[in-house]
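Q: I have a protein chain on the screen and do not know how to read it. Could we go through it feature by feature?

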Amino acid sequence: MQFEGAMLEYRLQKGKDKFEPIYYYTNIDLPQILTRRECEFFIKEGKTYKQLSSAIEDELFVIYVELYEETPMEMQELLCEGIKLEIRELNTSKNHPLITFEYMANHLDILSMIGSIYTYIEDKEWERDSAEIDEDRGVYVLYVTPTGYMLAT
């Protein structure tokens, strides 16, 4: 198989074993597909989808999703150099406060962060809960919880 200039399709669950294509991407690079597959959530047009599974059909990558929630669309952020990754505390009562963010050079850099179980920010250890790609805002988000562990300095 050749995955250069691959295709990706999101399919929405419409019944027990029935799925309907909802979004289709052509000529998408493999690192971006792999990064998207690592995200449990996908936001587009004010709708949040939860990933159920993924597959490869010849040269078509498929991500199966279910509708999780609908909210008003947020505006896309101003474009800066790189791909934005936000790291947020998983805390619904505080609206998932932003811990930090950075701009990464490519999708493999994003994947290396969201694919790790533990992340250290200012010597404090955080455990991964989930990740999302928010196309409405043009960012990836990593949700973490504090473990209470501090790196010795």
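A: We can start with one residue and work outwards. This is a predicted model. Find H107, which lies in helix 2.

Q: Is H107 buried or exposed?
A: Burial is judged by relative accessible area, and buried means under 20%. H107 has a relative accessibility of 14%, so it counts as buried.

Q: Which residues is H107 in contact with, leaving aside its neighbours within four places in sequence?
A: Contact means heavy atoms within 4.5 Å. On that basis H107 is in contact with P31, Q32, T35, I83 and Y140.

Q: Which other residues of helix 2 are buried?
A: Helix 2 covers residues 107-114, and its buried residues are H107, I110, M113 and I114. They cover an arc of only 120 degrees around the axis, so they sit on the same side of helix 2.

Q: What do the buried residues of helix 2 pack against?
A: Their partners are helix 1 (30-37) and five strands: strand 6 (83-89), strand 7 (98-104), strand 8 (118-121), strand 9 (124-134) and strand 10 (139-150).

Q: How is a residue in a strand read, for example Q13 in strand 1?
A: The steps are those used for the helix. Strand 1 spans residues 6-15 and holds Q13. With a relative accessible area of 29%, Q13 is partly exposed, because that class lies between 20% and 50%.

Q: Which residues does Q13 touch, not counting those up to four places away in sequence?
A: Q13 touches K18, F19, L52, V65 and E66. Take E66 from that list: Q13 and E66 are 53 residues apart in sequence, yet their C-alpha atoms are 5.3 Å apart in space.

Q: How many of the contacts in the whole chain join residues far apart in sequence, at least 24 apart?
A: Among contacts between residues at least 6 apart in sequence, 50% join residues at least 24 apart.

Q: How many helices and strands does the chain have, and in what order do they run?
A: There are 2 helices and 10 strands. From the N terminus on, the order is β-β-α-β-β-β-β-β-α-β-β-β.

Q: What does the radius of gyration say about the chain?
A: A compact globule of 153 residues would have a value near 15 Å; the chain has 16 Å, which agrees. The C-alpha atoms fill a box of roughly 50 × 35 × 30 Å along the principal axes.

Q: What share of the residues is buried, and what does the chain expose?
A: Buried residues make up 40% of the 153 residues. The chain exposes about 9,100 Å², with carbon and sulfur atoms supplying 49% of that area.

Terms used:
Residues are numbered from 1 along each chain as its sequence is written. This is a predicted model: local features need pLDDT of at least 70, side-chain atom pairs count only at pLDDT 80 or more; totals for chains, interfaces and linings use all residues. Side-chain values use heavy atoms; hydrogens and water are left out. Helices (H or I, at least four residues) and strands (E, at least two) are DSSP runs, numbered from the N terminus. The radius of gyration is taken over C-alpha atoms; the globule rule is 2.2 Å times the number of residues to the power 0.38. Buried means under 20% relative accessible area, exposed over 50%, partly exposed in between (1.4 Å probe, protein chains only). Accessible areas come from the Shrake-Rupley method with a 1.4 Å probe; for residues, only the protein chains shown count as cover. The arc is that of the directions from the helix axis to the C-beta atoms.
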